[in-house]
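Biologist: Please show me the model. I want to ask how its labels are earned.

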2 protein chains.
Amino acid sequence: MPATVKVESGKRPRRETAPARRVPPPEPKLGALQGFIGFNLRLAQDASFRVFARKSGQRDIMPGRFAALMVLRDNPNITQSALGRAIARDKSSVTPLLQDLQRRGLVKRMRSTTDRRSVTLTLTAAGARVLQDLILHAREHDRKLDEIAGPSKAEFVAILRRIADHMV
Amino acid sequence: MPATVKVESGKRPRRETAPARRVPPPEPKLGALQGFIGFNLRLAQDASFRVFARKSGQRDIMPGRFAALMVLRDNPNITQSALGRAIARDKSSVTPLLQDLQRRGLVKRMRSTTDRRSVTLTLTAAGARVLQDLILHAREHDRKLDEIAGPSKAEFVAILRRIADHMV
DNA sequence: TATTGTTATACTCTATAACTATA
DNA sequence: TATAGTTATAGAGTATAACAATA
């Protein structure tokens, strides 16, 4: 095997341009990826999630918890299964979520009197207070999103909903 | 403490309606949650992701891998760090991702000759073929999304991009 | 000193399957 | 038989921090 051939070896011609101070390689092109709705959806959701989590981080409540609390507020005495359907999560994912919220004292769980298999969920007073605070935070968060969406917001949200409803 | 009082006890009036066959409780209302862009973003992304993964599941390439392959195709000889920036992931997340793609024989990694810290990434022929197949799948997937978005697609995507760019 | 990539590690979120207790 | 909830378990995806090699 021949040693690596040095192409264009020998004295180099003097550079015509500046000393070529280590040009940082151009950032990658996203190319065709940019045209895919799916890809953009991922980036946007990711960005939104990070910001929400970072800002509400002190309260240590992630978007998923927030959504659950909201559903509980608007649907007192809902069961775990129904909650799972509302937030699109399996019941086995709902259990630890609620255990966490209960441990924090935000949710009360009681056996349903009419169907003893079911658990009846309600916000505690503390839960309502925390949620109130989170709503302020979420509004602030969404205000920024609203700004970005501009006058097309309604249509934008409508499309998101259609995607959520019709894709699966 | 008095025993539970049975309100309306005694003989019940005959039902006027049908035997009230265990009415399934009404599905929960999403309430104010429906107004939040963030929440809808999450549901939409989730739905889109699931469908993409399910359909491309045979190929066992998730959206994240697909995005990485696309970036590699459009940016031959990119480094791992640059890839990470493109897909918005930390370098420590990029390493195992690429190890996986390499193990599958889809990507070739070589030490850069000009900066021996860096790794230079290229798609293999097999990688290009798999990607080609995935692109067809992604197009099909996105075709459905396009349909849902309708004529507002351009504006919809523009908003998603602005969210991804301006939220963080 | 700063950056590239790797590793060790840990955490979150999620689901499937098997189980129980009811219905 | 079917459903509500729990548990055991596993897997994907991610990040932080510390590190070695190199710039």
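Biologist: Where in chain A is A:Ser152 found?
Modeller: A:Ser152 is in the loop between α5 (125–149) and α6 (153–166) of chain A. Helices are DSSP runs of H or I, at least four residues, numbered from the N terminus. This is a predicted model: local features need pLDDT of at least 70, side-chain atom pairs count only at pLDDT 80 or more, and totals for chains, interfaces and linings use all residues. Residues are numbered from 1 along each chain as its sequence is written, chains are lettered from A and ligands numbered from 1 in the order written, and side-chain values use heavy atoms, without hydrogens and water.

Biologist: Why is A:Ser152 called buried?
Modeller: Its relative accessible area is 17%. Buried means under 20% (exposed is over 50%, partly exposed in between; 1.4 Å probe, protein chains only). So A:Ser152 is buried.

Biologist: What does A:Ser152 touch, leaving aside its neighbours within four places in sequence?
Modeller: B:Glu155 and B:Ile159 are its contacts, meaning heavy atoms within 4.5 Å.

Biologist: How do you know that the two copies are related as by a two-fold rotation axis?
Modeller: A turn of 180° and a shift of 0.0 Å along the axis lay chain B on chain A, with an RMSD of 0.0 Å. The two copies are therefore related as by a two-fold rotation axis. The superposition is by least squares on C-alpha atoms of residues with pLDDT of at least 70 in both copies.

Biologist: What makes α1(B) largely enclosed by the rest of the structure?
Modeller: 15 of its 19 residues are buried, so α1(B) is largely enclosed.

How values were computed
Helix = DSSP H or I, 4+ residues; strand = E, 2+ residues; numbered from the N terminus.
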